[in-house]
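Me: Please choose a single part of this structure and take me through it slowly, step by step. I am in my first year, so I would like to see how each detail connects to the next.

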Amino acid sequence: MKINCYSVTFWFNIFDNHNFLLEVLQNELKDEYDKYNFFKYTNNLVAPIISAINNEKMTNLSFSQINLQYNMDKVSLKNIDDFKTKVQKLFDILSQNEIQVLHTAIYVNGEIIDDNALNNIIKYTINPSLNSDSLVDINLKLGKCYEELFYKNITLLNKKQIKLPKITDKQGRNVPIPLISWNGAYIENELIDFSYEINDKYLFDFTKDYHTTEFYLNKMLYLLSENLEDDINNLINKGEF
């Protein structure tokens with residue numbers, strides 16, 4: 001199992017004091033980001049007002065009027081503790097500056113090499129008797145409520161890593177990939193691409209005056225680290241979720 005990225009999104013009521021927040025971030029996250037981009041306010045509430053990128057650590061931060069999103073790319077399962085620590089720190093920054101988090105979503109994207117990806121997804125999660133002879137792609141999303149607390153969502157799709165020939169035109173320019181035929185290409189790997197999300201939107205939707213607390217945030221992070229591999233493998237190999 002290969003992990004491509006970890007991500008967290010904190011949702012909150014409309015916030016418009018980003019000048020103050022920028023100073024806070026510059027102080028609290030100075031070891032990770034030394035430069036921030038600041039954008040004008042627009043009617044698009046989820047458009048970034050503050051953003052920052054760390055190319056060395058492969059992380060990026062985006063702060064809009066109603067959410068904060070943090071992404072950690074080029075990672076592995078070994079990085080999950082680093083990710084959890086960062087999530088907790090960002091939550092503390094918001095809480096200490098009186099930004100109440102309404103609900104939170106934690107997301108992971110990854111992939112598993114599987115030479116029979118399409119058929120295995122069909123066999124264990126849809127219907128083993130389905131005639132898949134002419135199928136080339138599948139995109140499956142499952143969601144469930146976990147203990148009347150959280151939503152767990154898993155998305156599976158089959159992918160192919162294709163090696164295309166390098167072609168140049170009469171002027172010696174490389175031909176863009178969308179213009180290259182698969183004739184002469186070969187498949188390097190077949191993959192099952194998966195997305196895994198756990199969020200507390202259930203509590204937010206059905207509990208009066210709910211907002212994410214440190215207790216529930218830590219519970220989601222615990223479930224992520226304890227259940228991620230088992231949930232994905234059980235769904236792919238047994239059809240259990």
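Reply: Let us take the sheet and begin with a single pair in it: the bridge partner of Lys159 is Leu191, which lies in strand 9. Please keep in mind throughout that this is a predicted model. The pair belongs to a longer pairing, since strand 8 and strand 9 run antiparallel to each other and are joined over 13 bridges. In general, the strands of a sheet pair through backbone hydrogen bonds, and they may do so in the parallel or the antiparallel sense.

From this one pair we can step back to the whole sheet, which is open, is built from 9 strands in the order 2-3-4-5-1-6-9-8-7, and has antiparallel pairing. Its edge strands are strand 2 (37–38) and strand 7 (139–146), each of which pairs on one side only.

Let us walk along the sheet, starting at the strand 7 edge. Strand 7 pairs with strand 8 (residues 150–163) in the antiparallel sense over 8 bridges, and in this pairing Cys145 has Tyr151 of strand 8 as its bridge partner. Both of these residues are also touched by Tyr202, whose contacts, leaving aside residues up to four places away in sequence, are Cys145, Glu148, Leu149, Phe150 and Tyr151. Tyr202 itself lies in helix 4 (residues 201–206). Is Tyr202 buried or exposed? Its relative accessible area is 19%, and because the cut-off for buried is under 20%, Tyr202 counts as buried. The C-alpha atoms of Tyr202 and His103 are separated by 9.1 Å, although the two residues are 99 residues apart along the chain.

On the other side of strand 9 (residues 186–199) we come to strand 6, and these two strands run antiparallel, with 9 bridges between them. Here Ile112 stands opposite Ile192 of strand 9. As you follow any one strand by eye, it helps to remember that in a regular strand the side chains alternate between the two faces of the sheet.

Towards the other edge we meet strands 3, 4 and 5, which follow one another in the order of the sheet. Strand 3 (residues 50–54) and strand 4 run antiparallel and are joined by 5 bridges, one example being Ala52, whose partner in strand 4 is Leu61. The hairpin of these two strands has 4 residues between them, and in this hairpin Met58 takes a positive phi near 60°. Strand 4 is mostly covered, with 4 of its 5 residues buried. On its way to strand 5 the chain makes a hairpin through 3 residues, and strand 4 and strand 5 are again antiparallel, with 5 bridges between them; in this pairing, Phe63 has Leu68 of strand 5 as its bridge partner.

After strand 5 comes a loop leading to helix 2, and Lys74 is found in that loop. Although Lys74 is not a glycine, its phi is positive, near 55°, and with a relative accessible area of 70% it is exposed.

Helix 2 is worth including, because several strands of the sheet help to cover its buried residues: that cover includes strand 1 (2–12), strand 4 (59–63), strand 5 (67–73) and strand 6 (101–113), along with helix 1 (18–28) and helix 5 (214–238). The buried residues of helix 2 include Ile80, Phe83, Val87, Leu90, Phe91, Ile93 and Leu94, and two lysines, Lys84 and Lys86, are buried as well. You can also check the length of this helix: its 17 residues (80–96), at 1.5 Å a residue, should span 24 Å, and the end C-alpha atoms are indeed 24 Å apart, so the two values agree. After helix 2 comes Glu98, whose phi is positive, near 60°.

Finally, let us place the sheet within the whole chain, whose secondary structure comes to 5 helices and 9 strands. Read from the N terminus, the elements run β-α-β-β-β-β-α-β-α-β-β-β-α-α. Of the 241 residues, 42% count as buried. Among the contacts between residues at least 6 apart in sequence, 67% join residues at least 24 apart.

Note on methods: Residues are numbered from 1 along each chain as its sequence is written. This is a predicted model: local features need pLDDT of at least 70, side-chain atom pairs count only at pLDDT 80 or more; totals for chains, interfaces and linings use all residues. Side-chain values use heavy atoms; hydrogens and water are left out. The expected span of a helix is 1.5 Å times one less than its number of residues. Buried means under 20% relative accessible area, exposed over 50%, partly exposed in between (1.4 Å probe, protein chains only). Contact means heavy atoms within 4.5 Å. Two strands pair if DSSP finds at least two bridges between them.
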